[in-house]
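Visitor: I'd like a walk through this one, please. I'll keep asking how you know what you tell me.

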Amino acid sequence: MGTFAFIIGSILIFCGMVLKKYPNIMKGYRTLSPEKRKEIDIPHVITFLQECLIATGLAIILWYYVLGYMGLHLLASYYIVIPMVIIPFTILKVRNYNHSPYTWGDILTIGAITLLMAIMTIAAVFSMRSPGVTIENDKLLISGKFSISRPLSSIESISLSDTIPDIAYSPKGISIGSVHKGWFRSESGMSFQMYVVSARKPYIVVTDKSGGHIYINMSTPEKTMHTFNELMRNGHFVPPPAPAELSMELNPGDTQE
């Protein structure tokens with residue numbers, strides 16, 4: 001995906017650099033009559049489009065590699081949002097330069113992009129809701145986006161952790177900021193599932209008998225602990241033993257004779 005982002009960004013930058021020398025690559029430029037070209041501020045239009053193409057290309061490359069360097073790999077993969085924002089702005093601005101009315105093509109393009117961005121925004125908002133985690137009919141049920149069902153007989157343990165694995169990419173999932181839902185892989189190739197809506201620890205870790213892991217948390221640590229206690233009680237799981245150092249802190253008299 002990094003190569004694809006780099007190629008797209010490089011093509012846009014290249015087109016921007018050669019646009020002034022080869023204006024014929026602009027859509028509709030060749031079909032303009034000499035009289036129509038005189039009505040349009042061609043130099044300003046070309047300069048504006050040149051700046052938009054180069055800025056979009058640079059933004060795509062920087063978005064992907066800077067966010068990837070920061071460890072936000074899946075957020076980096078949403079670089080497609082950049083041209084979706086710039087294209088409507090470019091259409092509106094160019095029409096102001098040539099003083100021509102909007103065509104149905106312009107309206108449909110802007111409308112389609114606006115609709116797509118609205119759908120993506122709504123999906124992102126709903127994805128940030130805490131998952132529903134319950135035990136019913138001897139099954140662990142996780143509802144919401146990427147819902148799953150696991151028989152209790154397939155679960156080895158349920159525990160708490162202060163950390164979650166680093167995410168390299170997702171074959172099927174979403175990752176926006178601290179929200180991670182779906183199926184993921186780490187840099188080492190380890191597969192796991194996540195239903196995480198907050199960066200606030202702890203995280204519930206469901207380990208199945210095949211060694212797979214499901215990481216879960218809620219919007220607040222209190223809600224996470226409540227869900228954990230409900231799972232332990234309703235699923236009749238044995239609580240994990242406390243760490244030795246914690247036991248010594250709680251019972252210092254046990255080590256003194």
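What follows is a chat about a few spots in this structure.

Guide: One thing up front: this is a predicted model.

Visitor: Fine. Why is N217 called buried?

Guide: Buried means under 20% relative accessible area. N217 has 0% relative accessibility, so N217 counts as buried. You'll find N217 in the loop between β9 (213–216) and α7 (221–235).

Visitor: How do you know that the side chain of N217 makes a polar contact with the backbone nitrogen of V197?

Guide: The cut-off for a pair of N or O atoms is 3.5 Å. A polar atom of the N217 side chain lies 2.9 Å from the backbone nitrogen of V197, so this pair falls within that cut-off. The N217 side chain also reaches the backbone oxygen of R200, at 3.3 Å.

Visitor: Which residues is N217 in contact with, leaving aside its neighbours within four places in sequence?

Guide: Among them are P131, Y195, S198, P202 and T224.

Visitor: P202 just came up. What makes the peptide bond from K201 to P202 cis?

Guide: Its omega is near 10 degrees, and the bond is cis. Most peptide bonds are trans. P202 sits in the loop between β7 (191–196) and β8.

Visitor: What is there to say about phi in N137 and D138?

Guide: Most residues other than glycine have a negative phi. N137 has a positive value, near 50 degrees, and D138 has a positive one too, near 60 degrees. N137 is in the loop between β1 (132–136) and β2 (139–143), and D138 lies in the loop between β1 and β2 as well.

Visitor: Why are N137 and D138 called exposed?

Guide: The word exposed needs over 50% relative accessible area. N137 has 73%, so N137 is exposed. D138, at 60%, counts as exposed by that cut-off too.

Visitor: Now the rings. What makes F146 and W183 an edge-to-face pair?

Guide: By the rule used here there are four aromatic pairs. For F146 and W183, the centres are 6.3 Å apart, with 85 degrees between the planes. Rings pair if their centres lie within 6.5 Å, and planes over 60 degrees apart count as edge-to-face, so both conditions are met. F146 lies in the loop between β2 and β3 (148–151) and W183 in strand β6 (residues 179–185), so the pair ties together parts that are 37 residues apart in sequence.

Visitor: Are F146 and W183 buried, exposed or partly exposed?

Guide: F146, at 17%, is under the 20% cut-off, so F146 counts as buried. W183 has 27%, which lies between 20% and 50%, so W183 is partly exposed.

Visitor: And what makes F184 and F192 a stacked pair?

Guide: Their planes are 25 degrees apart and their centres 6.3 Å apart. Under 30 degrees counts as stacked, so the name fits. F184 is buried, with 1%, and F192, at 3%, counts as buried too. F184 and F192 form one aromatic cluster with Y215.

Visitor: Last stop: how many cavities of 30 Å³ or more are there?

Guide: The count comes to one. About 40 Å³ of space lies in the largest cavity, and its lining is R150, I155, V206, T207, D208 and I214. Strand β8 (residues 203–208) gives the most to that lining, with three residues. The lining divides into three nonpolar, one polar and two charged residues.

Terms used
Residues numbered from 1 in each chain as written. Predicted model: local features only at pLDDT ≥ 70, side-chain atom pairs only at ≥ 80, totals over all residues. Heavy atoms only, no water. Helix = DSSP H or I, 4+ residues; strand = E, 2+ residues; numbered from the N terminus. Buried < 20%, exposed > 50% of the residue type's maximum accessible area, 1.4 Å probe, protein only. Polar contact = N/O pair within 3.5 Å; in protein donor to acceptor, adjacent residues only side chain to side chain. Contact = heavy atoms within 4.5 Å. 1 Å grid on protein atoms, 1.4 Å probe; cavity = no way out; pocket = protein on both sides within 12 Å on 5 of 7 lines; lining within 4 Å. Points joined across faces, edges and corners; volume = space filled by probe spheres on them. Nonpolar A, V, L, I, M, F, W, Y, C, P; charged D, E, K, R; others polar. Phe/Tyr/Trp six-rings, centres within 6.5 Å; stacked < 30°, edge-to-face > 60°.
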